[in-house]
Structure formats: C-alpha cells, structure tokens
Amino acid sequence: DALSQVADLRAVENETSFSHTRPDNTPFYTALESRYDYQRAGENLAMGTYHGTNEEMATFLFDGWVESQGHYENMIEPLFSEIGIGVHYDGEMLYLVQIFGTPR
C-alpha cells in the first residue's frame with residue numbers, strides 16, 4: 001500500500017515536473033520517507049498523450065519501459081521485492097510511475 005500511495009503521489013508530481021527529481025528539487029526517494037522503510041528503491045516514469053483505449057495505453061507505456069534498458073533493469077531487478085503503480089491523467093497527458101522497493 002505504501003509504495004502504491006507514493007507512486008500515485010509521484011504520478012501527480014510528474015505533471016509539474018517530469019523528472020526523478022520532485023517539484024521541491026529533492027530526489028524521488030524522499031517521497032518514501034515516513035511511509036516506507038526501505039533498503040533499496042527505484043523508480044520508472046512514463047508519460048504519453050492519451051490516444052487509445054486504456055488497454056492500448058497500458059501496453060504502449062509498458063512496452064516503452066521494456067524497450068529501455070535502464071527501465072527494464074529496474075523491472076527485473078531480483079533485489080526489488082515489492083512494487084507500487086501510480087497513474088495520473090490531467091485531461092491530456094497520462095503519467096505512470098512504478099516505485100520498486102525492498103523493505104528493511
């Protein structure tokens with residue numbers, strides 16, 4: 001639940017600043033503080049103009065992560081044991097966030 005809440009927060013923040021840096025100029029993992037005690041954390045971001053069905057958009061954005069070496073490495077990293085998914089739609093753009101974690 002904590003990772004999903006952080007991923008939702010990060011998806012909203014990405015409307016303001018599409019970056020692994022938060023709108024307050026701190027790193028993404030500061031969103032985990034006080035919510036999730038972790039040993040390891042990672043983040044994947046995606047955005048796209050909403051141009052298809054929900055299923056088409058999910059496939060399009062997911063495939064983009066798979067086709068990107070760094071994003072895919074996060075997705076298959078065996079040291080990550082949990083994931084949270086966040087989605088935000090601002091009426092034009094769709095923002096997706098994957099937060100990966102390994103609790104202490």
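What follows is a set of questions and replies on how terms apply to this predicted model.

The model is predicted, with local features needing pLDDT of at least 70, side-chain atom pairs counted only at pLDDT 80 or more, and totals for chains, interfaces and linings using all residues. Residues are numbered from 1 along each chain as its sequence is written, and side-chain values use heavy atoms, with hydrogens and water left out.

Me: What makes the protein as compact as a globular protein of its length?
Reply: The radius of gyration is taken over C-alpha atoms, and the globule rule is 2.2 Å times the number of residues to the power 0.38. The rule gives 13 Å for 104 residues. The protein has 13 Å, close to that, so it is as compact as a globular protein of that length. The C-alpha trace spans about 40 × 30 × 20 Å along its principal axes.

Me: Which pattern of helices and strands does the protein follow?
Reply: Along the sequence it reads α-β-α-α-β-β. Helices (H or I, at least four residues) and strands (E, at least two) are DSSP runs, numbered from the N terminus.

Me: Why is F28 called buried and Y29 partly exposed?
Reply: Buried means under 20% relative accessible area, exposed over 50%, partly exposed in between (1.4 Å probe, protein chains only). F28 has 13%, so F28 is buried. Y29 has 37%, so Y29 is partly exposed. Buried residues make up 38% of the 104 residues.

Me: How do you know that F28 and Y29 form an edge-to-face pair?
Reply: Rings of Phe, Tyr and Trp (its six-membered ring) pair if their centres lie within 6.5 Å; planes under 30 degrees apart count as stacked, over 60 as edge-to-face and the rest as tilted. The count comes to four aromatic pairs. F28 and Y29 are one of them, at 5.6 Å centre to centre and 80° between the planes. The pair is therefore edge-to-face.

Me: Why is the pair of Y36 and Y38 stacked?
Reply: The ring centres are 6.5 Å apart and the planes are at 10°, so the pair is stacked. Both Y36 and Y38 are buried.

Me: What makes the contact between D24 and T26 polar?
Reply: A polar contact is a pair of N or O atoms within 3.5 Å; within protein, one must be able to donate a hydrogen and the other to accept it, and residues adjacent in sequence count only if both atoms are side-chain atoms. The side chains of D24 and T26 make such a contact at 2.5 Å. D24 sits in the loop between α1 (2–16) and β1 (38–49). Its relative accessible area is 49%, so D24 is partly exposed.
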